[in-house]
Amino acid sequence: MTFSLIGRCARTGRLGLGITTFSLAVGGRCEGVAANVGVCKTQAFPNRTNDPLGIKLMAEGYLPARVMEMFASNDTEHSYRQIAIMNRDGRIAAHTGPGCRGWAGHEEGTDCVAFGNGLVGPQVLDGMIKGFLSRPDDALEHRLMRAIEGGRDAGGQGTPDAHRPERSAAIKVVDRRDYPDVDVRVDVHPTAVAELRRVLEEFKLYEEFYRGRDTDPAKAIPQDVFVAQLKAKRA
Amino acid sequence: MTYTLLARCPLTGQVGIGIATYSICVGLYCNGLRGNTGAVMTQAFVNQSNNPLALKLLAQGFMPGHVLDELKANDPYSEYRQIAVIDRVGRIAAYSGPKNRGWAGHKVGEGYVAMGNVLAGEHVVDAMAKAYEAATKLPFERRLLAAIEAGRDAGGQAGNDGHLTERSAAVMVYGDYDHAELDLRVDLHETAVEELRRAFEEYELYRGYYKERSKNPKDAMPQFAFVETLAKKKEVAQ
């Protein structure tokens, strides 16, 4: 049981993944987000070798649809996987194997694909896409955050009688560099989506400061001083 | 202000990192691990393009010493960086730039580097090294955790106004695969090392289940049923 959305910012070309699930530490299993290549995420009963392989195939020039065919022939348990792939142009391929448990499915929207399993119903995917599209001019990480929140608010995981909480969550966004622009995580938490919102908001306050320490360290103020300034601003 | 144990496991050949710092979301910067290639970490004033570049150089066959020279030659602010490089057989190069703030330094041992900056003193890296070396009987990831806990217990980070808390932490291990064997993070917490230990012990209970579920989905029990069996086991244990 998991719900995820792969999205692309048409304005900047940035790519990203927002994900939350009942399983622990899901962000540690999201290797398939590569700048200027694409995003590939395998979930439900994940095959961990899929995502790094998918990224390499897209980097070679294969389209998502062909990558998906290769996944199918490379994996005896393909029918238990749920997979979504998007390349840098926004082309999408998605697969929800019949072995996925509970309500499971995927749905494409403008610049995005939502997919999940063990969900209360298709309204969760609708909620994610609606959240993603609600403020299209915002930075991709904020759009992904709203997508996850939209899925949670539409009922999230479980059955109509038994809701399953989100215990881990993550957002990863790449731009043009070999390392992610944004990579925030909550690994073990009883309300992981709300906690991820808190981490993301906090991270955005530090983002420029951290970048400045990288590009112009001679001018960087000590971090405890920066934190004191943040506190003063809040008060 | 960060302390780190970067290592290659002599038994398994895995590479890994244990790290804790006052900065938030430190796991974001730990992108320098690759199985059968090596382990790289740049900290203090991070240059984020260093780790991916260094991994590519290691993969090409360059020695850690030369990789470190390249990173320095490629960066007008190299004196602000603290860097460790370990290759796939455990050869090491490390550097604590003169412009690192506070007490900063590194200690190189057999297959590992303990390093940190804005620390309470040299005894912090010594304690990390000692704990890592002493824990030879533990699995690799537990040795990494023991090292950062020892760093914390030795006083950890110290800014101008005294002790600085750990607000984020991470432990990561890469082995044979292109994906991580373990990648666990605490991004924003008041006592991040304790929280990482808690998350790790919890995640440990699930690791075998997650692995098996991927390999053999047909027979996997639903996760909430698995969680119930865990709860029962905990009850019995109490």
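Begin by selecting B:A44, which lies in strand β4 (residues 38-44) of chain B; helices (H or I, at least four residues) and strands (E, at least two) are DSSP runs, numbered from the N terminus. This is a predicted model, in which local features need pLDDT of at least 70 and side-chain atom pairs count only at pLDDT 80 or more, while totals for chains, interfaces and linings use all residues. Residues are numbered from 1 along each chain as its sequence is written, and chains are lettered from A and ligands numbered from 1 in the order in which they are written.

At B:A44 the backbone deserves a look, since phi is near 70 degrees, a positive value in a residue other than glycine. B:A44 is also buried, with 25 other C-beta atoms within 10 Å; a residue is called buried if 20 or more other C-beta atoms lie within 10 Å of its own, exposed if 12 or fewer, and partly exposed in between, with C-beta atoms placed from the backbone.

**The open sheet of chain B**

Extend the selection from β4 to the sheet, an open one of four strands in the order β3-β4-β5-β6 (chain B) with antiparallel pairing; two strands pair if DSSP finds at least two bridges between them. At the edges are β3 (33-34) and β6 (92-96) of chain B, each of which pairs on one side only. Between β3(B) and β4(B) the antiparallel pairing runs over two bridges, and B:R34 can be found opposite B:G38 in β4(B).

Next, add helix α1 (residues 50-60) of chain B, which packs on the sheet and touches β3, β4 and β5 (81-87) of chain B, its direction making about 155 degrees with that of β4(B). Axes here are lines fitted to C-alpha atoms, for helices over the stretch in contact, and angles run from 0 to 180 degrees between N-to-C directions; two residues are in contact if their C-beta atoms, placed from the backbone, lie within 7 Å. Helix α2 (residues 64-73) of chain B packs on the sheet as well, touching β5 and β6 of chain B at about 150 degrees to the direction of β5(B).

**The nonpolar core**

Which residues touch the most other members of the largest nonpolar core? They are B:M128 and B:I148, in a core of 148 residues, where a nonpolar core is a set of buried Ala, Val, Leu, Ile, Met, Phe, Trp, Tyr and Cys residues joined through C-beta atoms within 7 Å. Centre the view on B:I148 and, leaving aside residues up to four places away in sequence, its contacts include B:Y3, B:L5, B:M128, B:A169 and B:V193.

**Chain B as a whole, and where it touches chain A**

Zoom out to chain B, which has six helices and 12 strands. Its radius of gyration is 18 Å, close to the 18 Å that the globule rule gives for 238 residues, so chain B is as compact as a globular protein of that length; the radius is taken over C-alpha atoms, and the rule is 2.2 Å times the number of residues to the power 0.38. Of those 238 residues, 54% count as buried.

Now show both chains and select their contact, which takes 43 residues from chain B and 41 residues from chain A. On the side of chain B, the elements giving two or more residues are β12 (180-186), α5 (192-215) and α6 (223-237), and the largest share, seven residues, comes from α5(B).

**Chain A: β2 and its neighbours**

Move to chain A, which has six helices and 12 strands and in which buried residues make up 56% of the 235 residues. Select β2(A), where seven of its seven residues are buried: A:L15, A:L17, A:I19 and A:T21 on one side, and A:G16, A:G18 and A:T20 on the other.

Seven bridges join strand β1 (residues 2-8) of chain A to β2(A) in the antiparallel sense, with A:R8 opposite A:L15. These two strands form a hairpin with six residues between them, and A:G13 in the turn has a positive phi of about 80 degrees. Strand β11 (residues 168-174) of chain A is likewise joined to β2(A) by seven bridges and runs antiparallel to it; the partner of A:G16 there is A:V173.

Finish at A:A25, in the loop between β2 (15-21) and β3 (33-34) of chain A. Phi of A:A25 is near 55 degrees, a positive value in a residue other than glycine, and A:A25 is buried, with 25 other C-beta atoms within 10 Å.
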